Amino acid sequence: MTLSAKTLLAGALLGLAGLLPGAELWQEAEHYARTNWDGVALFLQPDGKGASNHRVLKLYNGKAPADSDDYFAEYEIEVPEDGEYHVWASLSDPASNWASPVKIQFDGLPQIDTSGCRWKSGAYGLPHPNRVLGWINPGSVKLTKGRHKVVFRVFEPRRSDRKFISYFDGFYLTTAAGVRPPASYRIAPNLQPAWRDVVKRAGSYKQLADSLKYGSEVWREAEDYVRTNWGGKVLLAREDGKGASGSQILRVYTGKAPEGTDGYFAEYRITVPEDGEYHVWLSISDPGSAWASPVRIRFDGQPELDTAGMRWKSRPYGNGQLGWVTPGKVKLTKGEHQVTVRVTDMRRMSKQYICFFDGFYLCTGEFPTLPDNYRIAPNLQPEWKEVLERAGSFRLHLYELEKQQFKAVVDTLAPTEQISDANAELAEKRLMARPLPDPAGRKRPHRFGVHGMEKPFVLAGVMPKETERAFELLARAGVDTLRTAELCWHRLGNDAPPKFDFTEIDYQVRFAQKYGMNFMFTIGYPPGKFNFGGHHLSTFRPEHEKLFREYLRIILPKYDRYAQYWEYCNEVDAPQVWWRKATAREYARDCRIVRDEMKKLGIRTPLLGVSATYSRTDRHDPKGEGRAFTRTAAAAGMADVLDGYSLHYTWPLKQQPFVEFFRDLTPGGASRLLVNSEEAGYTHPSDVIKLFARDFYLYGMESVYYYVSRDWIEAGNPIYSGLFDIDWRPKLRLLSFAAAVDAMKTRELAAMAEPAPGVEAYLLRNPENPADCAVVLWKNGGDEAHGSRFTRTAAPAPVQVAFPAGTIVKAVDWKLDEPAFTPAAPVFEIGVQPLIVYCDRLPEWTPITPEEWQKTRHAVGVNTSEANLPGQ
């Protein structure tokens with residue numbers, strides 16, 4: 001807005017000769033007609049030494065202007081009278097080294113150059129020593145009454161470092177001579193209010209500051225939608241408070257095109273407190289970058305505001321995934337409104353729709369302080385310390401959020417889990433009736449493992465009673481061994497080995513020892529500052545080999561007495577995810593180093609490698625992943641130093657080629673020992689029995705580690721395969737686990753059989769007692785899936801299977817119930833849920849070998865889903 005006053009009456013009439021300002025005009029710098037400067041900033045000070053109207057136009061840019069007009073700010077003014085006007089401008093010091101000079105042009109007249117001008121007043125604007133404004137008087141200009149165009153141009157960088165820097169508060173034109181500029185904004189008392197009047201009108205300085213920053217406000221969390229087709233809520237929390245607002249985001253992360261014409265949308269209902277023009281702020285992934293998709297936001301039926309091409313106006317937060325952008329303003333009336341946020345375009349770097357969204361903020365104030373965290377609206381969003389105080393700790397805060405997310409979906413997503421108070425009580429009662437493990441620990445054919453009794457599930461000092469009870473129940477269910485990554489270098493600390501912190505691993509070891517368990521220790525992965533990828537999921541750069549060997553010499557002897565296996569790294573055949581910017585040859589190099597250090601220390605515990613997942617098919621090989629990676633590593637020497645390979649998710653029959661690939665990789669060498677270090681079934685809980693039977697007897701695994709100990713949320717995906725529910729209560733799955741242990745831990749395979757069409761039967765015998773037999777059997781044709789993304793199919797009709805008279809000791813189903821039978825003529829109904837029949841003599845069914853079974857592929861009803869692979 002242009003403020004002006006007519007030429008006052010003659011001084012003689014008023015008795016004010018010599019004091020009259022003549023004709024004058026004041027223009028706020030931020031009230032431009034056009035500009036390519038960076039934008040407007042708030043310069044507000046309690047002592048009144050801030051900017052006029054509390055705002056400045058700011059230029060702070062290291063790049064030369066793209067525009068041929070330099071960096072410009074253009075104004076349209078209304079001159080009150082003809083006359084010669086003295087030009088006063090409040091700018092950063094144009095003659096200094098730290099600020100750029102400015103040229104001023106009125107209409108088409110020659111430009112006024114401020115290059116040699118120094119301030120004629122004291123500095124003001126920001127607190128000492130950073131005050132950046134002062135008054136200059138570069139000349140005068142003759143103007144006629146009426147409209148004129150004025151342009152302020154920054155035409156060259158400052159001298160100190162070639163950046164274009166200028167702060168601009170406004171300009172004052174007056175026909176009066178002898179103006180004495182103040183060390184404050186108020187050069188024109190007739191046109192600019194006194195500071196005390198400004199504060200009085202606002203009520204107080206704080207009220208003034210808040211109204212300028214915020215005004216009327218609305219904040220909405222992205223995850224608090226009414227309707228959406230985005231991928232879902234994802235936890236994004238950091239202990240330093242630089243995670244997402246509410247510690248959750250809404251995320252779309254897919255290569256699949258959205259159905260319909262609305263793109264990926266999230267719809268909200270908001271209540272606007274007052275009529276007004278609201279500035280729109282979004283916390284989203286960087287829309288102008290190549291790695292993220294832009295978003296559009298629409299209010300009711302108004303035109304959309306588009307973020308395409310915009311870059312963050314703040315520093316990033318939320319692990320670098322989030323920042324603040326403002327796509328524009330919207331006029332809204334008091335009351336209810338509908339808001340829709342849409343992703344319609346793929347990101348530029350690949351054919352994927354990717355966006356992270358924390359929330360949106362509306363305010364009638366112009367200058368919210370843009371933080372490098374979630375809290376843009378202090379009046380509406382709690383401080384991080386308040387969040388932690390309410391939760392009790394950061395870990396408990398995360399745990400509560402997990403529970404909220406999980407419980408909201410689990411009954412719909414996985415009704416067969418049957419999570420309830422009654423079932424938790426049933427499971428605990430039955431498990432507590434079982435004995436604790438035999439401390440003698442005699443050798444058994446198979447070892448039953450669990451992955452997940454580590455962080456984030458188990459943390460020293462967090463929920464200690466629940467943690468110990470979980471260890472005890474696992475022991476009573478028959479768990480022998482636990483897989484943990486707590487000895488990975490980056491988990492022990494981000495520095496060199498002498499500063500390692502063993503608190504978490506020692507906490508786990510204490511409970512494991514108490515309940516007769518040992519460990520598969522996953523090791524490797526130094527902190528980012530030591531490795532190729534700049535991220536802890538990679539390997540060390542060559543100059544850090546000495547530190548890597550020191551790390552091994554510390555952990556190997558310290559924990560080998562607790563080890564069942566040492567596993568070097570995780571899923572390295574997915575190098576874009578788990579072995580970043582490193583090669584298969586470097587993996588082989590590392591395996592040789594680990595073996596070398598083990599030999600020096602006299603350690604004979606088996607060393608396993610690959611921890612494979614992408615090797616299940618050839619489809620990843622074009623990027624040098626999957627089987628291509630594994631073959632290269634084997635040829636480079638990996639197979640010569642490993643004792644065996646660990647695989648992930650193998651039990652469905654469609655995974656036979658995956659297991660066969662590793663059996664054939666190094667015949668007679670490391671391929672002799674296969675271990676499944678992550679195995680799960682997301683179909684019926686009774687499939688826990690199937691997965692152990694297949695892995696142990698069909699595929700010849702020595703040990704199987706079930707994934708996972710407790711239900712949780714992983715990267716937004718509900719993981720409902722836990723042996724415990726989200727509240728650390730035992731699930732029916734743990735009874736199925738115990739049933740598998742009872743049948744298989746001490747028994748070897750005598751033969752397979754098909755006693756009725758479609759029935760898969762494992763005939764088992766205890767090698768130390770031939771009369772101690774068991775038959776594990778079920779009918780195929782239903783779901784077989786280890787990933788949570790599958791389409792359920794109809795179960796086949798059950799069949800009747802007869803056993804020899806007088807041989808049956810008892811039968812046990814997946815919940816440890818004992819179905820009735822007639823000893824003289826035992827017949828059992830066999831469906832998709834396994835049954836275990838204990839007997840003193842195996843039935844004389846036609847035997848078949850595992851190799852023959854795999855060739856015939858009897859499980860014709862195999863579900864077509866894949867495992868959840870890294871990055872999914």
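I take "buried" to mean a relative accessible area under 20%. The model I consulted is predicted.

**Entry 1: aromatic rings**

I noted that a pair of aromatic rings is described by the distance of the centres and the angle of the planes. I then looked up how many aromatic pairs the structure holds, and the total is 61. One of the pairs I examined joins Y75 and F152, whose ring centres are 6.2 Å apart, with 85° between the planes, an edge-to-face arrangement. Y75 belongs to strand 6 (residues 71-79) and F152 to strand 11 (residues 146-154), so this contact ties together parts that are 77 residues apart in sequence. I checked both residues for exposure and found Y75 and F152 buried.

I turned next to F803 and F828, which form an edge-to-face pair at 5.6 Å centre to centre, with 85° between the planes. F803 sits in the loop between strand 37 (799-802) and strand 38 (808-812), while F828 is in strand 39 (residues 827-830), 25 residues apart. I recorded F803 and F828 as buried too.

**Entry 2: charges over rings**

Which residue lies over the face of F155? I found K103 there, at 4.3 Å from the ring centre. For F511, I found R510 over the face of the ring, at 4.7 Å from its centre.

**Entry 3: enclosed space**

I looked for cavities of 30 Å³ or more and recorded a count of 1. The largest cavity holds about 50 Å³ of space. I listed its lining residues, among them E417, Q418, I419, D725, R729 and L732. By class, I entered the lining as 4 nonpolar, 3 polar and 4 charged residues.

Notes:
Residues are numbered from 1 along each chain as its sequence is written. This is a predicted model: local features need pLDDT of at least 70, side-chain atom pairs count only at pLDDT 80 or more; totals for chains, interfaces and linings use all residues. Side-chain values use heavy atoms; hydrogens and water are left out. On a 1 Å grid over the protein atoms alone, a cavity is a set of points where a 1.4 Å probe fits but cannot get out, and a pocket is an open set with protein on both sides within 12 Å along at least five of seven lines; lining residues have an atom within 4 Å of a point. Grid points are joined across faces, edges and corners, and a volume is the space filled by probe spheres set on the points. Ala, Val, Leu, Ile, Met, Phe, Trp, Tyr, Cys and Pro count as nonpolar, Asp, Glu, Lys and Arg as charged, and the others, Gly among them, as polar. Rings of Phe, Tyr and Trp (its six-membered ring) pair if their centres lie within 6.5 Å; planes under 30 degrees apart count as stacked, over 60 as edge-to-face and the rest as tilted. Helices (H or I, at least four residues) and strands (E, at least two) are DSSP runs, numbered from the N terminus. Buried means under 20% relative accessible area, exposed over 50%, partly exposed in between (1.4 Å probe, protein chains only). A charge sits over a ring if NZ of Lys or CZ of Arg is within 6 Å of the ring centre and within 35 degrees of the ring normal.
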